[in-house]
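Reader: Could you walk me through this structure and show me how each label is earned? I would like to see the reasoning as well as the values.

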Amino acid sequence: MKLSHRITNITGGGSDGWDVFYKARRMIAEGIPVTELTIGEHDIRTSPAILEAMNRSATSGHTGYAMVPGTLSLRKSVAARIAARTGVPTTAENILITPGGQAALFAAHMAVCDPGDTAVYIDPYYATYPGTIRGAGAVPKAIVTTPDTAFQPTSAALQEATKGVASLLVNTPNNPTGVVYGQETLAAIARACIANDLWLISDEVYDTQVWEGHHVSPRSLPGMEERTLVVGSMSKSHAMTGSRVGWICGPAEAISRIINLATHTTYGVAGFIQDAADFALKQGDAVEEEVAAPFRRRRALTMQALAGQNVVRAVPAQGAMYVMLDLRATGMSGDAFANALLDAEHIAVMPGESFGAAAAGHVRVAMTIADDQYLDALNRLIAFASELAAQ
Ligand code: PMP
């Protein structure tokens, strides 16, 4: 039977970029120990206190259909958090609770792109971006950045690429590069969106993981509130990846329309999950800092391990749970290096190419295992790269 073009075209027909990951999983299944530095998931689980809140909610009966836009209490908590952090007045009407940031990314593109519209994103990019745009019926278009601008888009590229398009998707702190956009980049993004009259979709799921400088939400820049949809999530900030709870924050009119989409797709998020998220947010910043602390520590370990050699160079990681390593001195592609490292050292990292053409010759390392094992794996990676570069 014929399937729709929309569904058969989601991955664009190419590799999904996860080959090294699958190969590592096959090796593990065969009993070969592999150190996995691939996926963006904490090495801790959701805290017992949050799970207790979830359990209390479920056993007290919050297991029926929940309100489609989200519970009023959680919408208010998310709005208060955003208002406090950005200074932009935000109420429950600006918030839709979604099953994770991924569903929010999809809903945001559905909201602002008509079929055939062009939706821009920045390369390197989080693996689902082009597929999400295609799934929403739009046409993905990348702004390819370069290592010499620390993978931040230039003002000229932003202006040029956003002419006549429906939306621009940005992500800071960034996955895969760990880069946090500076004031200049954020101002250039705002200028391009205003000049070319398009929507900004701002993926801020790593907003609690900032190691240098601080996170600035582009929604807070002059003229941006009315044209920005912010994507947020409890996945990274509270180690709640499996709970699937996130949000979209935007103008009340846009949110009320996106609620119609939620009614006809997800029909909301489980009430006990929302209550657990609400409880978690009400614990304040200290809990978020505790969840982020291991990545801050391991990022410092990374910088120490890389000092004193120049074969493996880090893209300056200012945020998120990853570090992007430049391996071009080995003369290999990121893909060839990641495969060779897996075969020789049984260490799995993601080839930069999995995140777009801009990250060729790089690998992304997820800092998601215990400190001593992490440091050991990193030292072995550096030694392996040095050997290759010397050949
Ligand atoms: N955006 C980025 C940049 C991500 O890295 C991820 C998950 N790895 C997501 C969105 C989606 O996260 P979730 O659906 O778990 O909230």
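Author: Let's start with the two domains of this predicted model. The centres of domain 1 and domain 2, taken over C-alpha atoms, are separated by 25 Å.

Reader: What makes up domain 1 and domain 2?

Author: The domain assignment gives domain 1 as 5-45 + 286-390 and domain 2 as 64-283.

Reader: How do you know how many residues of domain 1 and domain 2 are in contact?

Author: Contact asks for heavy atoms within 4.5 Å. By that test, 35 residues of domain 1 are in contact with 37 residues of domain 2. On the domain 1 side, the elements giving two or more residues are α11 (285-306), β10 (322-326) and β12 (362-366). Of these, α11 gives the most, with 7 residues.

Reader: What area is buried between domain 1 and domain 2?

Author: About 3100 Å² is buried there, and carbon and sulfur atoms give 56% of that area.

Reader: Why is the meeting of R299 and E212 called a salt bridge?

Author: The cut-off is 4 Å from a side-chain nitrogen of Lys or Arg to a carboxyl oxygen of Asp or Glu. For the side chains of R299 and E212, the N to O value is 2.6 Å, so the pair meets the definition. Between domain 1 and domain 2 the count is 3 salt bridges, and the structure holds 18 salt bridges. The two domains also have 22 residue pairs in polar contact, counting pairs with both residues at pLDDT 80 or more.

Reader: What makes D278 and K282 a salt bridge, and how are they placed in helix α10?

Author: Their side chains meet at 3.0 Å, N to O, so they pass the 4 Å test too. As for placement, D278 and K282 are 4 residues apart in helix α10 (residues 271-282), which means about one helical turn separates them.

Reader: Now the sheet, please. Why are β2 and β4 called edge strands?

Author: The open sheet has 7 strands in the order β2-β8-β7-β6-β5-β3-β4, with mixed pairing. Strands β2 (95-98) and β4 (139-144) each pair on one side only, and that makes them the edge strands. From one strand to the next, the twist averages 20 degrees.

Reader: How do you know that β3 and β4 pair?

Author: Pairing needs at least two bridges. Strand β3 (residues 118-123) and β4 share 6 bridges in the parallel sense, so they count as paired. One example is Y121, whose bridge partner in β4 is A142.

Note on methods. Residues are numbered from 1 along each chain as its sequence is written. This is a predicted model: local features need pLDDT of at least 70, side-chain atom pairs count only at pLDDT 80 or more; totals for chains, interfaces and linings use all residues. Side-chain values use heavy atoms; hydrogens and water are left out. Axes are lines fitted to C-alpha atoms, for helices over the stretch in contact, and angles run from 0 to 180 degrees between N-to-C directions. Domain bounds come from an automatic or database domain assignment. Buried area is the accessible area (1.4 Å probe) that two parts lose on being put together, summed over both. A polar contact is a pair of N or O atoms within 3.5 Å; within protein, one must be able to donate a hydrogen and the other to accept it, and residues adjacent in sequence count only if both atoms are side-chain atoms.
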